[in-house]
Amino acid sequence: MCVITTCAKNENKSAITWNNFPTLIRLLAVMVGMLFASCTLTSEVLAQTETAKTTFTTHYEPAAFPMTESGQVAIGPLVPMLTATPHLFGNWGGIQPWLTQRGIFLNVTINEEYMGNITGGKQRANVLAGQVAAALDIDWQRLAGVPSFWTHMLVINGHGNSLSNAIGDSVTNPEEIYGARGNVVAHLVDMYADKGFLRDRIILSVGVIPTGSFFNQDYLACSFMNVSVCGNPAPSKYVPGGRDWPSGNLGAVLRVRPTLRTYIMGGIFAVSPHAYNGGISGWALGQDGLGKLSSQVEIGWSPSFGRHHLLGHYKIGYWYDNSRYPNLFSDINGNSFQATGLPRRYEAGMNAAWLMFNQMIHRSGDGLANGLIVIGGVDYTQGNEVAMRDHEWIGLLQSGTPWGRPLDQIGAMFQYMEMSHTVALQQESSLALGLPYLPNQWGAVYGIQSHENVWEAFYSIHVARGTAFQPDFQYLQRPGATTTFHDAAVIGFQFTTNL
């Protein structure tokens, strides 16, 4: 894994240019372009069903989720909502088949996580966090004869605390489920409709939509518990223009599938200037100050290589938020706003870009994820406005098929998170002036931030129908991207079941 240490002197530019990107990002972009140009697309369609992150099927009819075979599975973390999902209680005494035949897909998922640090960090701590999620998806063609029309709704109830707050690491969190769900019975995550055109080669989605349910998502990444990579990567999911699950954004997405294995997406979302989209409950859809927009675009390709159908997903994307945001360091004259006391400089717009992939390199069974899979990517935002400038990750996943446990999964990953040069200047100014460090988008700061490494390994055990138990180990080097606290070793487990 290449560590990116590109100089941040260009961070004050409000627009991304090709030279702004780290060398690794440019190389990966060229590689993807070469793959698009040189490889022959196949017309075979394969779809994946994720249940407790381990159960897969080689075929299903995407009656509730159009275009899922293109690799765009619209799910939030640990909330499988596809038609082939098995349930702990079977078919609910015949209720599930009856509903499915009428185009009604109902799912309830319980997730519980326990984690604690055995060494390092600010202090020894352990936390329990979890959620109950209920999803309702309706295929209105089946239910009422309305062609190519679907609706989706997802609400959750969350509880628990953040381990990051306890161990002094606001840059990453070993937990997958924590916070942002509000102290409410039912927090709204999404509520939107899909309409298909030209035999569903074009899909228009409108409503309350988490941006990462469509853009900048790798569904396999939620096999890992660390939230910095789960589903949608940091840093772009932690800033207003790209806030994601469990935050929904008023907006619209247009998806076009030129071939069975390629797609192009564009989306426009209202940007909330508040700490929470839709308020703490998610239901305050008419928030004030929603006049700014985040415009997103993504291109994806899902090839299947060779006679063993080695499935991959490759995507590259970009978004632009036309809001104005304060510079992390500069006053109106370009000096430290803490030292001069002058008003802060505001920058016009914010940019983010990403490149993500997962690719099976060896098959060990018939399922779409039965094999050895490489997963990785890069995510970039403007360092003059966002405290974390870029994030890179690389990992391996393998199903348990080779040792007779096809519904198990094992994985290992390395993440590198680089903080921005501009936020380091701010923190150096605080230190020189004897002032407390200012919090940023990631929370409290305990020193001058530079970078953080995260190592993670897990084994997910299939324990019952639709149910998995996952022990997990993480090692956080430079917690909080500083040397203030010793490296932290974190252990825990995750329990997931579909009722």
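Q: Hi! Let's start in the strands: which residue stands opposite Ile-203 in E5?
A: Gly-196 is the one facing Ile-203 of E5. Keep in mind that this is a predicted model.

Q: Sure. How many bridges join E4 to E5, and which way do the strands run?
A: There are 7 bridges between E4 and strand E5, which covers residues 202-209, and the two run antiparallel.

Q: What sits between those two strands in the hairpin?
A: The E4 and E5 hairpin has 4 residues between its strands. Leu-198 in that hairpin takes a positive phi near 50 degrees.

Q: And what about E3, how many bridges join that strand to E4?
A: Strand E3 (residues 149-160) is joined to E4 (residues 187-197) by 8 bridges, again in an antiparallel arrangement. One specific pair there is Thr-151 with its bridge partner Ala-193 in E4.

Q: Switching to empty space: how many cavities of 30 Å³ or more are there?
A: The count comes to 7 cavities of 30 Å³ or more. The largest cavity holds about 110 Å³ of space.

Q: Which residues lie nearest the centre of that largest cavity?
A: Gly-248, Asn-249, Leu-250, Asn-277 and Gly-278 do, out of 17 residues that line the largest cavity. The elements giving two or more residues to this lining are E4 and strand E6 (249-256), so E4 from our hairpin turns up here too.

Q: How does the lining of the largest cavity divide by residue type?
A: The lining has 8 nonpolar residues, 9 polar ones and no charged ones.

Q: OK, and the largest pocket, how much space lies in there?
A: About 1200 Å³ lies in the largest pocket. Its lining is made of 49 residues, with Tyr-178, Tyr-238, Gln-441, Trp-442 and Gly-443 nearest the centre.

Q: Which element gives the largest share of that pocket's lining?
A: E10 does, with 4 residues. Helix H4 (163-167), strand E10 (310-331) and strand E11 (344-363) each supply at least two residues to the pocket lining.

Q: What about charge in the lining of the largest pocket, how many residues of each type?
A: The pocket lining divides into 23 nonpolar, 17 polar and 9 charged residues.

Q: Last topic: where is Gly-90 found?
A: Gly-90 is in the loop between helix H1 (23-38) and helix H2 (95-101).

Q: Is Gly-90 buried or exposed, and why?
A: Gly-90 counts as buried because its relative accessibility is 17%, and the cut-off for buried is under 20%.

Q: How far is the C-alpha atom of Gly-90 from that of Leu-499?
A: The two C-alpha atoms are separated by 8.2 Å, although Gly-90 and Leu-499 are 409 residues apart along the chain.

Technical notes. Residues are numbered from 1 along each chain as its sequence is written. This is a predicted model: local features need pLDDT of at least 70, side-chain atom pairs count only at pLDDT 80 or more; totals for chains, interfaces and linings use all residues. Side-chain values use heavy atoms; hydrogens and water are left out. Two strands pair if DSSP finds at least two bridges between them. On a 1 Å grid over the protein atoms alone, a cavity is a set of points where a 1.4 Å probe fits but cannot get out, and a pocket is an open set with protein on both sides within 12 Å along at least five of seven lines; lining residues have an atom within 4 Å of a point. Grid points are joined across faces, edges and corners, and a volume is the space filled by probe spheres set on the points. Ala, Val, Leu, Ile, Met, Phe, Trp, Tyr, Cys and Pro count as nonpolar, Asp, Glu, Lys and Arg as charged, and the others, Gly among them, as polar. Buried means under 20% relative accessible area, exposed over 50%, partly exposed in between (1.4 Å probe, protein chains only).
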